[in-house]
Amino acid sequence: MNNPLAPLNQPQLLQAASLSQPATGTHFAVRNPATQQPIAWVAEMGAGETDAAIAAANTALPAWRSRTAYERSRILRNWFDLLQAHKDDLARILTAENGKPTAEALGEVQYAASFVEWYAEEAKRAYGEVLTPNVARQRSVVIKQAIGVCAAITPWNFPLAMITRKVAPALAAGCTVVLKPADLTPLSALAAAELAYQAGVPRDALHIVTGSNAKAIGDAMCASDTVRHLSFTGSTGVGRLLMQQCAHTVKKLALELGGNAPVLVFDDADLDVVVAGLMAQKFRNTGQACVSPNRVLVQAGIYDAFLARMSAAVAALKTGDGFAPGVQLGPLINAKAVEKVQAHVQNATAMGARVLTGGQALPELGAQFFAPTVLADCQHGMRLSCEETFGPILAAFKFDTEAEAIARGNDTEYGLAAYLYTRDSARAWRVAEALEAGMVSINTGLLSADQSPFGGVKQSGLGREGGRQGMHEYQEEKTIAFGSLG
């Protein structure tokens, strides 16, 4: 197969956007998950390069922070325009390194760009306040300032959007950033950074540190006294470790961690809306999304009808190489992901679940393809009821009462996203407020947007990304008291 990156009109998008070449001069391969063939070789960096990038970002901080909010806003707007202008190239890079279909990759580019546009506007709205005095001839004001040098660690499943959702608010606030992308998908980060430089972001204000030794790079970020904020998207286990490591330097943390999202489908739900929503929610990026529904709880009165409609829709999905026309589902990211999905199906069927469609790997397409699957009669205690599957498996559970559904939906250590379908407005409010999740979506598959805060509760993390709240993560509030004013 020809290298899908070869036709790129802007080959400079793949130039290294890092401080320096690795000290060892070594590189690691980035592979297309659909073919397992290498598509690029990227600099292997470690603790030394990370420390150097942090030092350079700290040197660049005063100049970037001192620029007016309007200057930073104009640069971010330029970045947005360049992301839009190169959307086709960026989508091709995404599909090549992540595997998601081209149409979905284009959607991620638009989603990623939306955060840059949003924070270009928010940069001008970092308002402080004047407090009502409690002492005569005294005034107190509160101002917002950039927190300083920020570190970010991003995942492979949305390799462009997770970057802009972190980097854009940090730059808008006046911070400088050192970012480590996932070693499976570093090309999107390098391309995004190259466009940021073309837009006017100083090279020392944004560093991309690539490397397959995530521990060495993460340890350097956590140990640094210079880094004042760490943003991480990934597993809860790694998030716990980063919290421990950052305690020594008392960093501010933003952690977007694992999920076990429930979907509550009530008897009065519109099944057309339910099926459309779940097709978008569950099978986006082949189920490899932290907000992907993991447990679909369906009320007994429509359980059979739901399964018939859902299994027919899932069976019609086209799986294949993301570059092929009409493909709706791409490969899983690696062999480990395939093994986990297979193990979840085997465990569930051994405990009584029924496979309505799919349920097996698709070796005729490639080593990392798995058929979109619907499992009926799933029960508490199955691995997929308590572990995040991160694959194209829709697991259906039956429930009887609203109280039962809420209790089962909340029966998890995670609390990132939850979904519910009902035509009863009172129930919608009642259930949404009762679900223990940072985000609840009602009668829609769309959950995240640039203007709304994204994040979880319980062991799904800390802090919020997106919305005006996302910029607050990168700001400190300072009180200034004035006395003897006449």
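**Exercise 1.** Is A103 buried or exposed in this predicted model?

*Solution.* The relative accessible area of A103 is 64%. The cut-off for an exposed residue is over 50%. A103 is therefore exposed. As for its setting, A103 belongs to helix α4, which covers residues 102-122.

**Exercise 2.** How many residues apart in sequence are A103 and A247, and what is their C-alpha to C-alpha distance?

*Solution.* In sequence, 144 residues separate A103 from A247. In space, their C-alpha atoms are 42 Å apart.

**Exercise 3.** Determine how the radius of gyration of the protein compares with the globule rule.

*Solution.* Begin with the secondary structure: the protein holds 15 helices and 20 strands. For 486 residues the globule rule gives 23 Å. The radius of gyration is 23 Å, close to that value, so the protein is as compact as a globular protein of that length. The extent of the C-alpha trace along the principal axes is about 75 × 60 × 40 Å.

**Exercise 4.** Describe the burial and the contacts of the chain.

*Solution.* Take burial to mean under 20% relative accessible area. By that criterion, 56% of the 486 residues are buried. Next, consider contacts between residues at least 6 apart in sequence: 73% of them join residues at least 24 apart.

**Exercise 5.** Characterise the accessible surface and the charged side chains.

*Solution.* The accessible surface amounts to about 18900 Å². Carbon and sulfur atoms account for 53% of this surface. Turning to charge, there are 41 positive and 44 negative side chains. The centres of these two sets are 5 Å apart.

Methods. Residues numbered from 1 in each chain as written. Predicted model: local features only at pLDDT ≥ 70, side-chain atom pairs only at ≥ 80, totals over all residues. Heavy atoms only, no water. Helix = DSSP H or I, 4+ residues; strand = E, 2+ residues; numbered from the N terminus. Rg over C-alpha atoms; globule rule 2.2 N^0.38 Å. Buried < 20%, exposed > 50% of the residue type's maximum accessible area, 1.4 Å probe, protein only. Contact = heavy atoms within 4.5 Å. Areas by Shrake-Rupley, 256 points an atom, 1.4 Å probe, with all protein chains shown as cover. Lys, Arg positive; Asp, Glu negative; His and termini not counted. Charge placed at Lys NZ, Arg CZ, Asp CG, Glu CD.
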